[in-house]
Amino acid sequence: MQLDRIDARLLDLVQRNNRLTSEELGAKVGLSASGVQRRLKRLRSQRVIEGDVSIVSPKAIGRNVSLLVLISFERDRTDIVDRFKQTIRKMPEVMSGFYVTGQTDFVLLVTANSMEEYEQFTRLLVDENPDIKRFESMVVLDRVKAGFTLPMASIACW
(Lines give C-alpha, C1' and ligand atoms only; values in the text may rest on other atoms or scores of the structure.)
Protein backbone atom coordinates (compact mmCIF):
# COMPACT_ATOMS: atom_id res chain seq x y z
CA MET A 1 0.00 0.00 0.00
CA GLN A 2 1.28 3.45 -0.91
CA LEU A 3 1.18 5.95 1.94
CA ASP A 4 1.29 9.69 1.43
CA ARG A 5 2.44 12.47 3.78
CA ILE A 6 -0.99 12.88 5.32
CA ASP A 7 -1.25 9.12 6.02
CA ALA A 8 2.18 9.21 7.65
CA ARG A 9 1.27 12.24 9.79
CA LEU A 10 -2.03 10.63 10.85
CA LEU A 11 -0.23 7.41 11.77
CA ASP A 12 2.31 9.36 13.79
CA LEU A 13 -0.44 11.19 15.67
CA VAL A 14 -2.76 8.25 16.41
CA GLN A 15 -0.01 5.92 17.57
CA ARG A 16 0.99 8.50 20.16
CA ASN A 17 -2.57 9.32 21.22
CA ASN A 18 -5.50 7.43 19.71
CA ARG A 19 -7.99 9.50 21.71
CA LEU A 20 -7.64 12.58 19.51
CA THR A 21 -10.92 13.41 17.79
CA SER A 22 -11.28 13.49 14.01
CA GLU A 23 -11.60 17.27 14.28
CA GLU A 24 -8.35 17.56 16.26
CA LEU A 25 -6.55 15.27 13.84
CA GLY A 26 -7.93 17.15 10.86
CA ALA A 27 -6.67 20.46 12.24
CA LYS A 28 -3.18 18.98 12.58
CA VAL A 29 -3.03 17.42 9.08
CA GLY A 30 -5.14 19.86 7.06
CA LEU A 31 -8.20 17.66 6.43
CA SER A 32 -11.85 17.76 7.36
CA ALA A 33 -13.05 15.43 10.12
CA SER A 34 -14.78 13.23 7.53
CA GLY A 35 -11.58 13.13 5.45
CA VAL A 36 -9.67 11.94 8.51
CA GLN A 37 -12.32 9.29 9.23
CA ARG A 38 -12.14 7.98 5.63
CA ARG A 39 -8.35 7.72 5.79
CA LEU A 40 -8.34 6.00 9.18
CA LYS A 41 -11.00 3.56 7.97
CA ARG A 42 -8.83 2.72 4.92
CA LEU A 43 -5.68 2.36 7.05
CA ARG A 44 -7.53 -0.02 9.39
CA SER A 45 -9.15 -2.06 6.62
CA GLN A 46 -5.77 -2.49 4.91
CA ARG A 47 -4.22 -3.52 8.27
CA VAL A 48 -1.75 -0.63 8.34
CA ILE A 49 -3.36 0.11 11.71
CA GLU A 50 -3.55 -3.30 13.37
CA GLY A 51 -5.44 -2.23 16.47
CA ASP A 52 -6.34 0.57 18.84
CA VAL A 53 -5.29 -0.18 22.41
CA SER A 54 -4.65 1.35 25.80
CA ILE A 55 -1.38 0.57 27.54
CA VAL A 56 -2.19 -0.67 31.05
CA SER A 57 0.33 -0.47 33.86
CA PRO A 58 1.14 -4.08 34.85
CA LYS A 59 1.73 -3.14 38.47
CA ALA A 60 -1.60 -1.28 38.69
CA ILE A 61 -3.39 -4.60 38.11
CA GLY A 62 -1.11 -6.75 40.23
CA ARG A 63 1.16 -8.06 37.48
CA ASN A 64 4.25 -7.46 39.61
CA VAL A 65 6.72 -9.65 37.75
CA SER A 66 7.86 -9.26 34.14
CA LEU A 67 10.34 -11.60 32.53
CA LEU A 68 12.10 -12.11 29.24
CA VAL A 69 12.13 -15.80 28.43
CA LEU A 70 14.55 -17.30 25.91
CA ILE A 71 13.54 -20.65 24.42
CA SER A 72 15.56 -22.99 22.21
CA PHE A 73 14.36 -26.23 20.63
CA GLU A 74 16.13 -29.56 20.17
CA ARG A 75 15.41 -29.54 16.43
CA ASP A 76 14.65 -26.83 13.92
CA ARG A 77 11.45 -28.18 12.37
CA THR A 78 8.60 -26.09 11.02
CA ASP A 79 5.92 -28.23 12.71
CA ILE A 80 7.56 -27.65 16.13
CA VAL A 81 7.85 -23.90 15.51
CA ASP A 82 4.27 -23.63 14.21
CA ARG A 83 2.89 -25.59 17.16
CA PHE A 84 4.79 -23.38 19.61
CA LYS A 85 3.53 -20.21 17.91
CA GLN A 86 -0.04 -21.47 18.34
CA THR A 87 0.61 -22.31 21.99
CA ILE A 88 1.98 -18.92 22.98
CA ARG A 89 -0.78 -17.04 21.12
CA LYS A 90 -3.27 -18.67 23.52
CA MET A 91 -1.35 -17.87 26.72
CA PRO A 92 -2.50 -14.59 28.32
CA GLU A 93 0.73 -14.37 30.36
CA VAL A 94 2.71 -13.91 27.12
CA MET A 95 2.54 -10.20 26.30
CA SER A 96 4.80 -10.44 23.24
CA GLY A 97 6.46 -13.31 21.45
CA PHE A 98 9.20 -13.18 18.84
CA TYR A 99 10.57 -15.95 16.61
CA VAL A 100 14.22 -14.93 16.24
CA THR A 101 17.54 -15.87 14.68
CA GLY A 102 20.65 -16.90 16.59
CA GLN A 103 21.13 -19.40 19.40
CA THR A 104 17.63 -18.80 20.76
CA ASP A 105 14.51 -19.66 18.78
CA PHE A 106 11.96 -17.54 20.66
CA VAL A 107 12.01 -14.54 22.98
CA LEU A 108 8.89 -14.00 25.09
CA LEU A 109 7.83 -11.11 27.28
CA VAL A 110 5.88 -12.71 30.11
CA THR A 111 4.03 -11.22 33.06
CA ALA A 112 2.90 -12.82 36.31
CA ASN A 113 1.43 -11.80 39.65
CA SER A 114 4.24 -13.56 41.52
CA MET A 115 7.23 -15.82 41.03
CA GLU A 116 5.06 -18.75 42.16
CA GLU A 117 2.60 -18.02 39.35
CA TYR A 118 5.50 -17.74 36.91
CA GLU A 119 6.78 -21.13 38.03
CA GLN A 120 3.36 -22.65 37.26
CA PHE A 121 3.46 -20.98 33.84
CA THR A 122 6.92 -22.42 33.09
CA ARG A 123 5.90 -25.92 34.13
CA LEU A 124 2.87 -25.78 31.86
CA LEU A 125 4.90 -24.40 28.96
CA VAL A 126 7.66 -27.00 29.28
CA ASP A 127 5.23 -29.90 29.86
CA GLU A 128 3.28 -28.98 26.71
CA ASN A 129 6.43 -28.60 24.61
CA PRO A 130 8.75 -31.60 24.95
CA ASP A 131 10.98 -30.28 22.16
CA ILE A 132 12.29 -27.42 24.32
CA LYS A 133 16.04 -27.87 24.80
CA ARG A 134 16.85 -24.69 26.72
CA PHE A 135 14.70 -22.35 28.76
CA GLU A 136 16.23 -19.20 30.24
CA SER A 137 14.44 -16.52 32.25
CA MET A 138 15.58 -12.96 32.84
CA VAL A 139 13.64 -10.98 35.45
CA VAL A 140 12.90 -7.39 34.43
CA LEU A 141 14.19 -5.07 37.16
CA ASP A 142 12.87 -1.84 35.62
CA ARG A 143 10.63 -1.17 32.62
CA VAL A 144 12.58 1.69 31.07
CA LYS A 145 10.44 2.09 27.94
CA ALA A 146 7.25 0.42 26.79
CA GLY A 147 5.15 1.04 23.73
CA PHE A 148 4.54 0.31 20.10
CA THR A 149 5.35 3.68 18.53
CA LEU A 150 7.06 3.32 15.16
CA PRO A 151 9.20 6.10 13.66
CA MET A 152 7.25 7.60 10.77
CA ALA A 153 10.37 9.23 9.34
CA SER A 154 11.08 5.83 7.77
CA ILE A 155 8.17 6.24 5.33
CA ALA A 156 9.62 7.25 1.99
CA CYS A 157 6.97 9.90 1.31
CA TRP A 158 7.67 11.83 4.51
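1. Let me start in helix 1, where D12 and R9 sit three residues apart, which puts about one helical turn between them. Their side chains meet in a salt bridge, at 3.4 Å from N to O. D12 counts as buried, at 12% relative accessibility, while R9 is partly exposed at 29%. Keep in mind throughout that this is a predicted model.

2. That pair belongs to a wider set: the structure holds 12 salt bridges. Another one joins D7 and R39 through their side chains, with 2.8 Å from N to O. D7 is in helix 1 (residues 5-16) and R39 is in helix 3, so this bridge ties together parts that lie 32 residues apart in sequence. Both partners are buried.

3. R39 deserves a closer look. Helix 3 spans residues 33-45 and holds this arginine. Its relative accessibility is 17%, and because buried means under 20%, R39 makes the cut. Setting aside residues up to four places away in sequence, R39 touches D4, I6, D7, L10 and L31.

4. Now over to D131 and R83, which form a salt bridge with their closest N and O atoms 3.3 Å apart. This one also links distant parts of the chain: D131 is in the loop between helix 5 and strand 4, R83 is in helix 4, and 48 residues separate them. D131 is buried at 12% relative accessibility, whereas R83 is partly exposed at 38%. Elsewhere, D4, D7, R39 and R42 are joined into one network by salt bridges that share partners.

5. On to the nonpolar side of things. The largest nonpolar core has 19 residues, and I71, F84 and L108 have the most contacts inside it. Strand 1 (65-73), helix 4 (78-89), strand 3 (106-112) and helix 5 (115-128) each give two or more residues to this core. Strand 1 gives the most, with five.

6. If you want one residue to click on there, try F84. Leaving out neighbours within four places in sequence, F84 is in contact with I71, F73, F106, L108, L125, N129 and I132. There is also a second, separate core of 12 residues, with L10, V14, I49 and M152 among them.

7. What about nonpolar residues at the surface? In soluble globular proteins, nonpolar side chains tend to be buried together. Here, though, V53, I55 and F148 make a nonpolar surface patch of about 360 Å². F148 lies in the segment after strand 4 (132-139), and F148 is exposed, with a relative accessible area of 64%.

How values were computed. Residues are numbered from 1 along each chain as its sequence is written. This is a predicted model: local features need pLDDT of at least 70, side-chain atom pairs count only at pLDDT 80 or more; totals for chains, interfaces and linings use all residues. Side-chain values use heavy atoms; hydrogens and water are left out. Helices (H or I, at least four residues) and strands (E, at least two) are DSSP runs, numbered from the N terminus. Buried means under 20% relative accessible area, exposed over 50%, partly exposed in between (1.4 Å probe, protein chains only). Contact means heavy atoms within 4.5 Å. Patches are made of residues with over 30% relative accessible area and no salt bridge: like charges are joined within 9 Å, nonpolar side chains (Val, Leu, Ile, Met, Phe, Trp, Tyr) within 5 Å. Accessible areas come from the Shrake-Rupley method with a 1.4 Å probe; for residues, only the protein chains shown count as cover. A salt bridge is a side-chain nitrogen of Lys or Arg within 4 Å of a carboxyl oxygen of Asp or Glu. A nonpolar core is a set of buried Ala, Val, Leu, Ile, Met, Phe, Trp, Tyr and Cys residues joined through side-chain atoms within 4.5 Å.
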